[in-house]
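Hi everyone, thanks for making time this morning. I'd like to walk you through one part of a structure, so please have the viewer open.

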Amino acid sequence: MFAIPGKQAVTMTDRAAAQIRRLMEKGGTKGLRVGVKKGGCAGMEYTMDYVDEIDPHDEVVEQDGARVMIAPMAQMFLFGTEIDYKTALLESGFEFNNPNVTEACGCGESIKFEGM
(Lines give C-alpha, C1' and ligand atoms only; values in the text may rest on other atoms or scores of the structure.)
Protein backbone atom coordinates (compact mmCIF):
# COMPACT_ATOMS: atom_id res chain seq x y z
CA MET A 1 0.00 0.00 0.00
CA PHE A 2 2.69 2.52 1.03
CA ALA A 3 5.58 0.61 -0.50
CA ILE A 4 8.57 2.01 -2.33
CA PRO A 5 9.79 -0.42 -5.00
CA GLY A 6 12.77 -2.42 -3.69
CA LYS A 7 12.35 -1.20 -0.10
CA GLN A 8 10.64 -3.13 2.68
CA ALA A 9 8.00 -1.33 4.74
CA VAL A 10 9.78 -2.28 7.98
CA THR A 11 13.13 -3.87 8.76
CA MET A 12 14.19 -6.16 11.59
CA THR A 13 17.49 -6.32 13.37
CA ASP A 14 19.13 -9.74 13.59
CA ARG A 15 18.01 -9.96 17.24
CA ALA A 16 14.38 -9.19 16.34
CA ALA A 17 14.36 -11.67 13.45
CA ALA A 18 15.80 -14.39 15.71
CA GLN A 19 13.16 -13.76 18.39
CA ILE A 20 10.31 -13.69 15.88
CA ARG A 21 11.57 -16.98 14.39
CA ARG A 22 11.61 -18.50 17.91
CA LEU A 23 8.05 -17.31 18.55
CA MET A 24 6.88 -18.67 15.19
CA GLU A 25 8.42 -22.07 15.90
CA LYS A 26 7.14 -22.22 19.48
CA GLY A 27 3.60 -21.16 18.59
CA GLY A 28 3.36 -22.88 15.21
CA THR A 29 2.21 -19.61 13.63
CA LYS A 30 2.84 -17.98 10.27
CA GLY A 31 4.33 -14.89 11.92
CA LEU A 32 3.46 -11.78 13.90
CA ARG A 33 1.07 -9.02 12.84
CA VAL A 34 2.21 -5.55 13.84
CA GLY A 35 -0.25 -2.70 14.13
CA VAL A 36 -1.18 0.42 16.05
CA LYS A 37 -4.27 1.23 18.09
CA LYS A 38 -5.59 4.16 20.06
CA GLY A 39 -4.48 4.11 23.66
CA GLY A 40 -1.78 5.06 26.12
CA CYS A 41 -0.91 8.48 27.44
CA ALA A 42 0.53 9.71 24.09
CA GLY A 43 -2.49 8.54 22.07
CA MET A 44 -1.38 5.40 20.17
CA GLU A 45 0.16 2.03 21.06
CA TYR A 46 1.89 -0.67 19.06
CA THR A 47 0.22 -4.08 18.86
CA MET A 48 1.71 -7.50 18.08
CA ASP A 49 -0.38 -10.62 17.59
CA TYR A 50 0.29 -14.16 16.43
CA VAL A 51 -0.98 -14.87 12.92
CA ASP A 52 -2.51 -18.17 11.82
CA GLU A 53 -3.78 -16.85 8.47
CA ILE A 54 -2.24 -14.08 6.41
CA ASP A 55 -4.72 -11.40 5.39
CA PRO A 56 -4.33 -10.59 1.66
CA HIS A 57 -4.28 -6.87 2.54
CA ASP A 58 -1.38 -7.23 4.99
CA GLU A 59 2.07 -6.05 3.96
CA VAL A 60 4.30 -9.11 4.48
CA VAL A 61 7.96 -8.64 5.42
CA GLU A 62 10.22 -11.68 5.58
CA GLN A 63 13.79 -11.70 6.79
CA ASP A 64 16.00 -14.65 7.77
CA GLY A 65 13.00 -16.94 8.29
CA ALA A 66 11.08 -14.38 10.37
CA ARG A 67 7.76 -13.07 9.05
CA VAL A 68 5.96 -9.89 10.06
CA MET A 69 2.63 -8.78 8.68
CA ILE A 70 1.62 -5.13 8.86
CA ALA A 71 -2.07 -4.50 9.32
CA PRO A 72 -3.52 -2.30 6.53
CA MET A 73 -4.49 0.59 8.81
CA ALA A 74 -1.00 0.64 10.36
CA GLN A 75 1.06 0.69 7.17
CA MET A 76 1.28 4.47 6.87
CA PHE A 77 2.33 4.77 10.54
CA LEU A 78 4.98 2.03 10.42
CA PHE A 79 6.67 2.68 7.08
CA GLY A 80 10.42 2.99 7.64
CA THR A 81 10.34 1.44 11.13
CA GLU A 82 13.14 -0.78 12.40
CA ILE A 83 12.00 -3.52 14.79
CA ASP A 84 14.62 -4.49 17.38
CA TYR A 85 14.63 -6.90 20.31
CA LYS A 86 16.34 -5.78 23.51
CA THR A 87 17.29 -7.93 26.46
CA ALA A 88 18.08 -6.27 29.78
CA LEU A 89 18.57 -7.48 33.33
CA LEU A 90 14.94 -7.03 34.37
CA GLU A 91 13.01 -7.10 31.10
CA SER A 92 13.12 -8.02 27.44
CA GLY A 93 10.95 -6.95 24.54
CA PHE A 94 10.53 -5.56 21.09
CA GLU A 95 11.50 -1.96 20.44
CA PHE A 96 10.25 0.06 17.48
CA ASN A 97 12.60 2.68 16.02
CA ASN A 98 9.98 4.60 14.08
CA PRO A 99 10.90 7.78 12.17
CA ASN A 100 7.20 8.75 11.98
CA VAL A 101 6.78 9.22 15.74
CA THR A 102 6.66 12.84 16.85
CA GLU A 103 6.21 12.21 20.57
CA ALA A 104 6.46 9.30 23.01
CA CYS A 105 5.45 8.93 26.63
CA GLY A 106 8.08 8.60 29.34
CA CYS A 107 7.67 4.85 29.72
CA GLY A 108 7.97 4.32 25.94
CA GLU A 109 4.73 2.34 25.70
CA SER A 110 2.71 4.86 23.72
CA ILE A 111 3.43 7.16 20.81
CA LYS A 112 2.05 10.07 18.86
CA PHE A 113 2.18 10.79 15.13
CA GLU A 114 2.02 14.11 13.29
CA GLY A 115 -1.57 15.35 13.13
CA MET A 116 -2.92 12.79 15.58
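I'll start with a sheet, then move to the helix beside it, and finish with two residues. Please keep in mind that this is a predicted model.

So, the sheet. Three strands make it up, in the order 1-6-7, and the sheet is open, with mixed pairing. Strand 1, residues 10-12, and strand 7 are at the edges with a single partner strand each, so each of them has one side without a neighbour in the sheet. On average, neighbouring strands here are turned by 25° against each other, if we ignore direction.

Let's take the two pairings in turn. Strand 1 pairs with strand 6 in the parallel sense, over three bridges. If you want a place to look, find Thr11, which sits opposite Glu82 in strand 6.

On to the other pairing. Strand 6 covers residues 81-87 and strand 7 covers residues 92-97; these two run antiparallel and are joined by six bridges. They form a hairpin, and four residues lie between the two strands. Here a good landmark is Ile83, standing opposite Phe96 in strand 7.

Now, what packs on this sheet? That is helix 1, residues 14-27, which touches strand 1, strand 6 and strand 7. The direction of the helix makes about 75° with that of strand 6.

Let's zoom in on a residue of that helix, Gln19. Is Gln19 buried or exposed? Its relative accessibility is 13%, and the cut-off for buried is under 20%, so Gln19 counts as buried. Leaving aside residues up to four places away in sequence, Gln19 touches Tyr85 and Phe94. Its side chain also makes a polar contact with the side chain of Arg22, at 2.9 Å.

My second residue is Phe96, over in strand 7. Phe96 has a relative accessible area of 16%, so by that under-20% cut-off it is buried as well. Which residues does Phe96 touch, not counting those up to four places away in sequence? They are Val34, Tyr46, Met48, Thr81, Glu82 and Ile83. You'll recognise Ile83 as the residue opposite Phe96, and Glu82 as the one opposite Thr11.

One last pair to click on: Phe96 and Leu78. They are 18 residues apart in sequence, and their C-alpha atoms are 9.0 Å apart in space.

That's my tour, thanks for listening!

Conventions. Residues numbered from 1 in each chain as written. Predicted model: local features only at pLDDT ≥ 70, side-chain atom pairs only at ≥ 80, totals over all residues. Heavy atoms only, no water. Pairing = 2+ DSSP bridges. Axes fitted to C-alpha atoms, helices over the stretch in contact; angles between N-to-C directions. Contact = heavy atoms within 4.5 Å. Buried < 20%, exposed > 50% of the residue type's maximum accessible area, 1.4 Å probe, protein only. Polar contact = N/O pair within 3.5 Å; in protein donor to acceptor, adjacent residues only side chain to side chain.
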